[in-house]
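Visitor: I'd like to quiz you on the labels people put on a model like this one. Can we go through it together?

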Amino acid sequence: MTETAGILPAHRILELFDTGAILAARPLDADQIQPASLDLRLGTVAHRLRASFLPGGGATVEDKLGYLTLHDLDLTAGAVLETGGVYLVPVLESLALPDDVSASANPKSSTGRIDVFTRLITDHGVAFDQIAAGYHGRLWVEVSPRTFPIKVRAGSRLSQVRFRRGDARLDDAALASLHARYPLVDLEPRFEHGLTLSIDLAGAGEGALIGYRARRHTSVLDVDAKAAQEVDDFWEPIKARGRPSLILDPDEFYILVSREAVQVPPETAAEMVAIDPLVGEFRVHYAGFFDPGFGHAPAGGKGARAVLEVRSHDVPFILDHGQTIGRLVYEQMVEVPATLYGQGMGSNYQAQGLKLSKHFRP
């Protein structure tokens with residue numbers, strides 16, 4: 001019997017552990033499995049690298065670590081990763097996937113919102129964040145703090161992985177049909193190889209908070225400490241004024257928000273992807289997973305904005321209110337998860353508007 005194509009929900013991920021397709025060096029954390037993804041935990045050592053790399057089809061990660069490693073950091077009791085550094089950390093989970101199961105990885109929402117760049121690497125990998133069907137081997141996470149120095153430790157969770165069978169991506173016709181049953185967005189939808197999103201630079205009017213610009217030369221941010229930092233120590237607020245637009249300065253990091261409130265129905269999962277680079281000299285800096293139930297009214301959502309981590313490229317670039325800035329790509333779930341995002345699981349970003357990461361005090 002052929003399995004249904006789609007994203008594996010939490011109970012199917014747990015089955016992968018039970019069958020030995022996912023192995024862990026220590027017992028799972030209670031909240032490590034999300035409705036449609038698995039958080040990966042950092043191991044006990046971080047290798048500070050000269051440069052990022054991909055092993056390529058003929059090499060393992062270990063083959064290249066010897067000549068690319070500058071020094072090692074012991075993460076057992078915690079260590080600080082400096083801004084601008086490139087670190088490679090083996091994770092506590094490894095894989096022995098079935099031949100019909102592949103996977104992909106992304107930074108966790110809280111990771112992207114503090115401007116920490118992460119990418120997953122596998123042995124013989126020719127692309128970041130992609131795990132081939134049937135992969136057997138270890139996993140490593142490349143970590144590069146871009147703005148804030150961060151403290152991490154063994155067990156810290158910066159990235160997550162999503163498992164899938166086959167190709168379950170919904171085309172625009174399927175999205176339109178889904179929208180007829182569940183309003184995927186509260187404005188007129190635009191389906192262009194996914195649900196197109198635009199930027200909100202008007203807010204509630206003159207003087208309204210519309211975003212944040214990251215400060216430089218801050219103190220260390222502990223990635224495992226929730227609500228431990230004052231917003232003003234790390235962020236400069238951006239207010240709406242006059243013409244609803246914003247000039248992005250090169251090499252600066254911004255937290256902005258979509259104009260649309262979106263939802264991810266229970267039988268789907270979604271991923272934020274960057275728009276075509278020909279549209280403008282900026283990018284939504286990090287892709288991100290949206291779990292089933294995000295913004296879904298029965299799960300406490302009633303629509304939720306997409307928080308956007310934005311950088312300009314090499315030149316200043318002006319964003320105008322309503323400008324296209326990204327899109328959500330939806331995929332079918334193999335099954336509806338038993339627990340949706342936001343349902344009694346301590347979800348940090350359900351029904352969110354403009355919201356910083358969980359590390360900052362409200």
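Guide: Sure, here come a pocket and a sheet, with the terms spelled out. The model is predicted, so to speak by its own record: local features need pLDDT of at least 70, side-chain atom pairs count only at pLDDT 80 or more, and totals for chains, interfaces and linings use all residues. Residues are numbered from 1 along each chain as its sequence is written, and side-chain values use heavy atoms, with hydrogens and water left out.

Visitor: What makes a residue part of the lining of the second largest pocket?

Guide: On a 1 Å grid over the protein atoms alone, a pocket is an open set of points with protein on both sides within 12 Å along at least five of seven lines, and a lining residue has an atom within 4 Å of a point. Here 15 residues line the second largest pocket, with S104, Q130, R164, E271 and E331 nearest its centre.

Visitor: Which residues count as nonpolar, and which as charged?

Guide: Ala, Val, Leu, Ile, Met, Phe, Trp, Tyr, Cys and Pro are nonpolar, Asp, Glu, Lys and Arg charged, and the others, Gly among them, polar. The lining splits into 6 nonpolar, 3 polar and 6 charged.

Visitor: Why are β13 and β17 called paired?

Guide: Two strands (DSSP E runs of at least two residues, numbered from the N terminus) pair if DSSP finds at least two bridges between them. β13 (residues 150–152) and β17 have 2 bridges, in the parallel sense, so they qualify. I150 has L221 in β17 as its bridge partner.

Visitor: What is the strand order of that open sheet?

Guide: β7-β13-β17, with mixed pairing.

Terms used. On a 1 Å grid over the protein atoms alone, a cavity is a set of points where a 1.4 Å probe fits but cannot get out, and a pocket is an open set with protein on both sides within 12 Å along at least five of seven lines; lining residues have an atom within 4 Å of a point. Helices (H or I, at least four residues) and strands (E, at least two) are DSSP runs, numbered from the N terminus.
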